[in-house]
Amino acid sequence: FVPSRDFLPRGSGIVTRRPLILQLIFSKTEYAEFLHCKSKKFTDFDEVRQEIEAETDRVTGTNKGISPVPINLRVYSPHVLNLTLIDLPGITKVPVGDQPQDIEFQIRDMILQFISRESSLILAVTPANMDLANSDALKMAKEVDPQGLRTIGVITKLDLMDEGTDARDVLENKLLPLRRGYIGVVNRSQKDIDGKKDIRAALAAERKFFLSHPAYRHMAERMGTPHLQRVLNQQLTNHIRETLPSLRSKLQSQLLSLEKEVEEYKNFRPDDPTRKTKALLQMVQQFGVDFEKRIEGSGDQVDTLELSGGARINRIFHERFPFELVKMEFDEKDLRREISYAIKNIHGVTGLFTPDLAFEAIVKKQVVKLKEPCLKCVDLVIQELINTVRQCTSKLGSYPRLREETERIVTTHIREREGKTKDQV
């Protein structure tokens, strides 16, 4: 974007391996400065390129690794419009060099961090010699901007299309329409760069290409890098004007909440016992809330590896306990014989009617068989409750004594209730 200035690294493979935040600032003198070496002013733009490459390697290594930590570069010049651009890595599919196996997802996440912001405009760059429907840039832009309200399409490599084909439908915004449309550009080839072809000559060649091409001649005034520069500045100005009111109200609400927080800190005394008590109560309350949520099944941390808390207790009641009951041995012949003996023994000599004692004697013997599975069920539930207590006190890890005390008190209470529960059973 800076006339006759060439400072962004180019080459084969993945060249941009860290986001580059480029701030163009209108100024009477021309120089550049990096945030990581603010004291130095660069006037030679070849040095700027070398510094970008060196700073990239410092963080990512020399073997194609990537990093989401941005490089901040400011360019002051009388030839620029005030503009902030963020140059992001291109999406790569296959890891090379030191790149991790999930390189594609790492780059996607990095790009989404920047383009998801409602206040940013997205420059979706797509080469003309590939099918627009397969464009990764347009696909990702559509994910965060489905209406295409803040996406500007940039079509490159128009000079490399097969003879007899053109991108007229795309550039006329007919194929995949965007609210802000598409702009075609023709950049220098790697051969031009290696041959030190300067940017002015490249811009003249680009203009000549659009004016002489039969498919683009009628829209030559709306094509090319200088037009893209003007459109970007104009659209960004309009975009800022549109987003400013909501940004202002957001900042005001943030300011109010910060002022409120500042007020609280004004009267802050680190040794104030009321603050300690308040902090302690909040932690204990949080423990109570977490415990309840784990039992109810609406916790903020859902275990995806095994059943825990309320779900496990539910399983004990509905699967484990019935299974234990079914396991009980029961022989009808023996039971009939027992009933017969019980009735005869209780009749004794008189034997006029069967008293309740016979029924009670038999039933008691059968009910006793339920005792063991029931008590076992109580033990399993108690164990799960104690496990849940331990999980909930993990948030108190910074305060080992408080954690220990909380666990001890709650566990003791559970054990007391265990005794009463077993008596009841």
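These legends go with a set of close-up views of a predicted model.

**View 1. Two domains, set apart along the chain.** Start with the overall layout: domain 1 takes in residues 20-242, and domain 2 takes in 275-424. Measure from centre to centre over C-alpha atoms and you get 66 Å between domain 1 and domain 2.

**View 2. Tyrosine 31 and tyrosine 76 as a stacked pair.** A pair of aromatic rings is described by the distance of the centres and the angle of the planes. The model has 6 aromatic pairs. In the one shown here, the ring centres of tyrosine 31 and tyrosine 76 are 4.6 Å apart with the planes at 15 degrees, so this pair counts as stacked. Tyrosine 31 belongs to strand 2 (residues 31-34) and tyrosine 76 to strand 4 (residues 71-77), so the two rings tie together parts that sit 45 residues apart in sequence. Are these two tyrosines buried or exposed? Both tyrosine 31 and tyrosine 76 are buried.

**View 3. Lysine 41 over the face of tyrosine 31.** Stay with tyrosine 31 and look for a charged neighbour. Lysine 41 lies over the face of this ring, 4.7 Å from the ring centre. Tyrosine 31 therefore has a place in two of these views: stacked with tyrosine 76, and with lysine 41 over its face.

**View 4. A cluster of aromatic rings.** Here the residues to find are Phe209, Phe210 and Tyr216, which ring pairs link into a cluster.

**View 5. A nonpolar patch on the surface.** Ile240, Leu244, Leu247 and Leu251 make up this nonpolar surface patch, which covers about 340 Å². Take Ile240 as your way in: isoleucine 240 is part of helix 7 (residues 225-266). How exposed is isoleucine 240? Its relative accessible area is 44%, so isoleucine 240 is partly exposed.

**View 6. A salt bridge from helix 12 to helix 11.** Side chains of opposite charge can pair when their charged atoms come close. There are 21 salt bridges in the model. In this one, glutamate 407 pairs with arginine 390, and their closest N and O atoms are 4.0 Å apart. The two partners come from distant parts of the chain, 17 residues apart: glutamate 407 is in helix 12 (residues 400-424) and arginine 390 in helix 11 (residues 356-392). Glutamate 407 has 18% relative accessibility and so counts as buried, whereas arginine 390, at 44%, is partly exposed.

**View 7. Glutamate 405 with arginine 408 in helix 12.** This salt bridge stays within one helix: glutamate 405 and arginine 408 are 3 residues apart in helix 12, about one turn of the helix. Their closest N and O atoms come to 2.8 Å. Both ends count as partly exposed, glutamate 405 at 36% relative accessibility and arginine 408 at 46%.

**View 8. Glutamate 418 with arginine 415, also in helix 12.** Move along to another salt bridge, formed by glutamate 418 and arginine 415, with 2.9 Å between the closest N and O atoms. Why are these two about one helical turn apart? Because they are 3 residues apart in helix 12. Glutamate 418 is buried, at 11% relative accessibility, while arginine 415 is partly exposed, at 40%. Elsewhere, Arg18, Glu51, Glu55 and Arg58 are joined into one network by salt bridges that share partners.

Technical notes
Residues numbered from 1 in each chain as written. Predicted model: local features only at pLDDT ≥ 70, side-chain atom pairs only at ≥ 80, totals over all residues. Heavy atoms only, no water. Patch = residues over 30% accessible without salt bridge, like charges linked within 9 Å, V, L, I, M, F, W, Y side chains within 5 Å. Areas by Shrake-Rupley, 256 points an atom, 1.4 Å probe, with all protein chains shown as cover. Salt bridge = Lys/Arg side-chain N within 4 Å of Asp/Glu carboxyl O. Helix = DSSP H or I, 4+ residues; strand = E, 2+ residues; numbered from the N terminus. Buried < 20%, exposed > 50% of the residue type's maximum accessible area, 1.4 Å probe, protein only. Phe/Tyr/Trp six-rings, centres within 6.5 Å; stacked < 30°, edge-to-face > 60°. Lys NZ or Arg CZ within 6 Å of the ring centre and 35° of its normal. Domains from an automatic or database assignment.
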